[in-house]
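Me: Could you take me through one part of this structure slowly? I am a first-year student, so please explain the terms as you go.

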Amino acid sequence: MDSPATYLHWGVILISVPNLIVIVTMLVVFGLALIAPFPHRDVAPDADRPSQGDSEK
Amino acid sequence: MTSEQTSWTGRLRALVDRELPTENLLPDEQPIYVNSWVYVFGVATIAALVWVLATGVVLAFFGPQWWHLSGVGRFFNSMHFWSVQAFFAFMVVHLWVQYFGAGWRHGRAGTWMVGVLIFAISIIAAFTGYLSQTNFDSQWIGVNAKDAINSTGGGSFFNVLNVGQMLGIHVVLVPAIVLALVVIHLVMVRIRGVVKPIGEEAQ
């Protein structure tokens, strides 16, 4: 752990492998969040209560 | 005149009742478009922040010798470091979601700008944290950073070689500001609710 990280070098781009892994993981998580189904329970709408976000304040 | 009109506490109470009723502050339902994983990253950032603060409190209590030399200390040091990685990663994905969803629409520009401030001050927290490690890494960073800071003139009052100053800023000043801004950010989100997706506005 105390040794220097391996760096990847393409032209003007210089990045350490750990930083690249973190960035790629973030992009993968973002992509998965867009397409993965979100678990939810179906609840009957309550007409008496205003739903937040519906109004354009 | 009623006390609500004459006293600042009454006016404040009326303002809170009007702008932030408890069903907005602690909602048990959300609009149908919130039914997506992309809305989870804000609260994931807060969960990571709680972990950052909790491990930071333990590190501050036991001190540098403990976090360098004992196994448990190194474990807490690692948890502090990795929860910071999670905090920044979730915060940046949250930023991507809000950027591509134009989260500043319909009176939410203030919420966006408070988020920008939290991001900027969190970077100061990270830099002062690297300077507070009390190891060769922090010395190396401090010796190199002093030239950059001095070139701006800021070195006269922000001395990166002063470990006491950096540690004080890192453990007291910056966390207090970040925490206060996160509370303000959350309250602003709860006041207006989650912004509608682009294309849903006309409905």
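Reply: Happy to help; here is a walk along one helix and the patch on its surface. This is a predicted model, in which local features need pLDDT of at least 70, side-chain atom pairs count only at pLDDT 80 or more, and totals for chains, interfaces and linings use all residues. Residues are numbered from 1 along each chain as its sequence is written, chains are lettered from A and ligands numbered from 1 in the order in which they are written, and side-chain values use heavy atoms, with hydrogens and water left out.

Our helix is H9 of chain B, residues 163-192; helices are DSSP runs of H or I with at least four residues, numbered from the N terminus. H9(B) has 30 residues and spans 42 Å from first to last C-alpha, close to the expected 44 Å, which is 1.5 Å times one less than the number of residues. A kink of about 40° is centred on B:Ile169; the bend is the angle between axes fitted to the seven residues ending there and the seven starting there.

B:Ile169 is also one of the buried residues of H9(B), as are B:His170 and B:Val174. Buried means under 20% relative accessible area, exposed over 50%, and partly exposed in between (1.4 Å probe, protein chains only). The buried residues pack against helices H2, H3, H4, H6 and H7 of chain B, where contact means heavy atoms within 4.5 Å.

B:Val171, by comparison, counts as partly exposed because its relative accessibility is 40%.

Note on methods
Helices (H or I, at least four residues) and strands (E, at least two) are DSSP runs, numbered from the N terminus.
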